[in-house]
Structures are given as C-alpha cells and as structure tokens.
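Please load the model in your viewer and keep the sequence at hand, since this tour moves from one selection to the next.

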Amino acid sequence: MLALASPLGWALPPRAELLPGADPSDWLLIIEADGERQSSELEITPLLRQFAVGRVTMSRVTTPVQQLTRWQIPLHQSNSPANTEVVIAPLKLGNEFTPSLTLPLREAKTAALPQPVAPSPLEMQASLDHQGPLYPGQPVIYRLTLWLPTSMQNPGLSELSSTHFTIRRLGSDEWIAPAQAGLPGRLTRSWLIQAKAAGLWYIDSPRLQGQLIQQGSNPQRLSARAAPLAIRVDKAPATAVASRLTLTQRLEPGTSTEVGEPLIRILTLTMENGDGSQLQLARLMAHQLPTGVQAHPDGEQQQERYREGTLLFEREWRQTLVAENSGKYQLPPIAVPWFSTQSGRIEQASLPAIDLTFLATARPQPESQPPQMPRPESLWWVLLALALRAVQRHGPRWYAFSRLQRTLARHQPEASRKALIHWAALRWQVPYYQLGQLPGAGHNQIRDVLNELERACFAPPAAGQPLQWRPLARALTPHETMAISQLIYLLARLKRRPCD
C-alpha cells in the first residue's frame, strides 16, 4: 500500500496506485494527496473514455503528523486488444496532476484451468479527530477504519484498551458495502478517549482476527493490527480543562430559617468537553464555612452524556447547614480556576457570598401545648368512609334481603322462594341444594322457611295450615347484619309497592 507518512512541513505531490480486482479486467485505482481536499478537485473525465468507472469513494485520513485525502475508483477494462499496453493519463487534481500509470499486458484468454480469485486488499488505519494541543481530561475521538475483503469470514475486533486513557465506545459501527465484487468493504469504529495524565503515550489499536477464504485452498487464519499512535498530552495550566464550565448554587427552602432547622445548599457544576472527576468541591464547601455553622454532606449525583460532538458532564453536591445560635452568617465566595481550550486562557468560575439568617425559635414547649382534640368534622368524614366501604362490600346482599322481605310482606310464595334462594346464595356462598346442610343449628331455620315456601308453591291449597308470613320474615332477620336487617324488615311492612 501507499506510504502514509511524510516529513513535517513538506507536502508531497499526489500519488497513485493500481490494485488488481477479482477479474483480470477489474482494477482499483487509489489516489492520495496531502491536506484536506474537496471531491470536486479531482477530474476523472479521462477515465470515462477508457474504462467503465464504478462508484468513487473519498475519505480523509488524519494522523498526529499528517492529513491526507484518499480516492478509491473502481475501473473495468473491456474490449481492449490482447498484448496491448493501456496507459492511464495524468488526472488533474486542483493545481496538480497525478502520475500516469500503465496497466500490465492482458494475455489472450485460453482454455486453461481457472485461476483462484485474488483476495481484495486488507488495510487498517487508526487516526485521532483532534487538532492542536491535547490536555488531560480533554476528550478526543479515536477512529479505526478497516477495509475488509469480501472473502473474510468470522471477523472479530477486540476493544481498545490503555492504562493511560479513559476509554468508552462511541456510537455504533459504520459499514459501507463494496462498490462491486472483488473490492473491499469499509468498517469504521470509534472510541472516546481521555488522557489521565500528561506525557507521551503510545496506544495500540484493537486486533482484527478472522479467516481468509481463497478458492482451492484451506481457510487461513488472519490476525492484524493498525500501526500504534503516539499521542502527546501537554500539562494543563490549571487542574480542570474544558471548553465551557459553569458553577451555580441555590439554598432550600431559602436564605433564612429557625435555629435547629436545616438549610440545604446545592452546588451544580456543568462542564463541556472535560473530565468532571478533576474537580472535588465537597472539600471546599466543608472548609469555607463561618464560625457557628455546621455542615453535613447530603449526597451527590452526576450524569454524563455525549451529544452532537460534545461531552456534557453535570455533577450536583448537596450540603446541610445547621446553626447553633440565632443570628446572621455569611457563606464566603467560591472561585474555581479552570483552563479554557477555546480561548487558551485560565478563567475563573465564581460564586458570590450569601448571607444566611437563623431566627430564634418561637414555638411553645410541648408541655405548654393544650391537647388537641379531633374536630367533629373529621369524625363525620371517618364515619362516612366506613359506611361507604360497608355499602360497597355488602350492598348487593342487603338489596337481595330487602327484596326478600318485600315479597314476604306481599304474601307471594313463588317470588319469596326465588328471593330466598338468591339471598342465601349471596349470604353463605352455597348452591340451592346445599341450603339444608349449612353448619350450625340456627341455620336450620333457613331450611324450615324454604320448606314452608315450597309447600305453599307446590302443595294443594287444603294440604295444611295457612302460611304464617310475618313469623317467616322475622325468623330471617337474625341471619343478616344487625340493625340493617331490622330496618329492612320494618320498611318492608310499611311500604307495600309492586315488586321490582
């Protein structure tokens, strides 16, 4: 492959190289130029007169010492005579030209045995998306680009690791399929890294492992790494490094309270593109306190997220303030120096002084407080809630008992018998044929009442004594809720209206 490094301060002329494809008529033209170029600078019109041109892919490669732009152009040669040299004319690239290239001679096709397909090229390139000096805690993107042949099976890529950096995976992989058969596809994976200390550190790329399949041969195991990157981390002028840093505070419930009642002090640190663990304000909050005020930690929480190319960090500290005596106290101002990567200067994140007022307690002692009696309104609400709950639980059963008493009061045997069976089923949760088997001697009255009603319904009129309706109705009241059953019994005797 092409050499990717050039001496600092010198720009090399454009380079070009031809790689064979899967078919003898297919080629891959690779053009590289130093610097960040635009896609419109390369004119490929001369290629269209000689080849069938596939999809042109442009990419930019950034290393600690160089930036370059790369074009990959698939070419297909057809209808050219055998044993004839084909020359690719120089292509205009901005104000420069690429070197001319000569394709190897094409031999006439014979009936020879098919040759194994040449594997597409494999390449790994590691780069950093960063320009300018780098400081501890400043996040940068480590990007690994792989050109994988289509004949590769079971590829596996390890994770990036280093003891000198805090490393986190960034997003999902980006895969660009090959432009045509025989060409490699491109896989891009990114990590967000933050240096822990200043120095010159080398970071090894993740390892690629897999099997390369070639026609007519056994699979070959493959293991490769990209070239390691040398990363220089400069010492920061201040402890905290960020592109933006703000510090705010608030007091809950306010700046004044009574002696013995706490005030909650909340400090919030917001940082962009920095390491929030470099700042510890809890110790600073505990030491800068006025005499007579005690502070107790009340916990802290933090969150970190990466959005739209910016690492956002937010941490919140909580502190409880309690005064021993009444009076006015002043919390001193807080100043935190930090280094701005945007301006290149040391700046101050500061909070002004805050006056606190602790008032003498005016509440009476517990011994002098008269006993508080519950208000009548609250008792009525409690009774109403209990009554509503009882109606919700027993309302259907009470309604069935009321219907039974009304039918007995009207001397209706058939309706009374059905109402008795319905109410007893709700009362004891048993079917009709088990009403005579209820436990307890008192429940035998239900069986006797049922027998009397059935005799009145199904026996001849002169078979026995007339039915005593009032004793039957009164015999059922002890088996329902007290007071409710008596009230229903009396209402059924006073109101005589048609059955529902």
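**A tour from surface to core**

Begin by selecting W380, V382, L383 and L386, which in this predicted model make a nonpolar surface patch of about 470 Å². Within that patch, V382 is found in helix α3, and because its relative accessible area is 48%, V382 counts as partly exposed.

Next, turn to the aromatic pairs, of which the count comes to four. Select Y135 and F339, whose ring centres are 5.0 Å apart and whose planes stand at 65°, so this pair is edge-to-face, the cut-off for that class being over 60 degrees. Following the chain from each ring shows that the pair links distant parts, with Y135 in the loop between β10 (123–129) and β11 (139–148) and F339 in strand β27 (residues 334–340), 204 residues apart. Y135 and F339 are both buried.

Now select F401 and W423, an aromatic pair with 5.2 Å centre to centre and 50° between the planes, and thus tilted. Because F401 lies in helix α3 (residues 376–409) and W423 in helix α4 (residues 413–428), the pair ties together parts that are 22 residues apart in sequence. Here too, both F401 and W423 are buried.

Finally, move to helix α6 (residues 469–476) and select W469, L472, A473 and L476: are these residues buried or exposed? W469, L472, A473 and L476 are buried, and they cover an arc of only 95° around the axis, which puts them on the same side of α6. An α-helix has 3.6 residues a turn, so residues three or four places apart point the same way.

Note on methods. Residues are numbered from 1 along each chain as its sequence is written. This is a predicted model: local features need pLDDT of at least 70, side-chain atom pairs count only at pLDDT 80 or more; totals for chains, interfaces and linings use all residues. Side-chain values use heavy atoms; hydrogens and water are left out. Rings of Phe, Tyr and Trp (its six-membered ring) pair if their centres lie within 6.5 Å; planes under 30 degrees apart count as stacked, over 60 as edge-to-face and the rest as tilted. Helices (H or I, at least four residues) and strands (E, at least two) are DSSP runs, numbered from the N terminus. Buried means under 20% relative accessible area, exposed over 50%, partly exposed in between (1.4 Å probe, protein chains only). The arc is that of the directions from the helix axis to the C-beta atoms. Patches are made of residues with over 30% relative accessible area and no salt bridge: like charges are joined within 9 Å, nonpolar side chains (Val, Leu, Ile, Met, Phe, Trp, Tyr) within 5 Å. Accessible areas come from the Shrake-Rupley method with a 1.4 Å probe; for residues, only the protein chains shown count as cover. A salt bridge is a side-chain nitrogen of Lys or Arg within 4 Å of a carboxyl oxygen of Asp or Glu.
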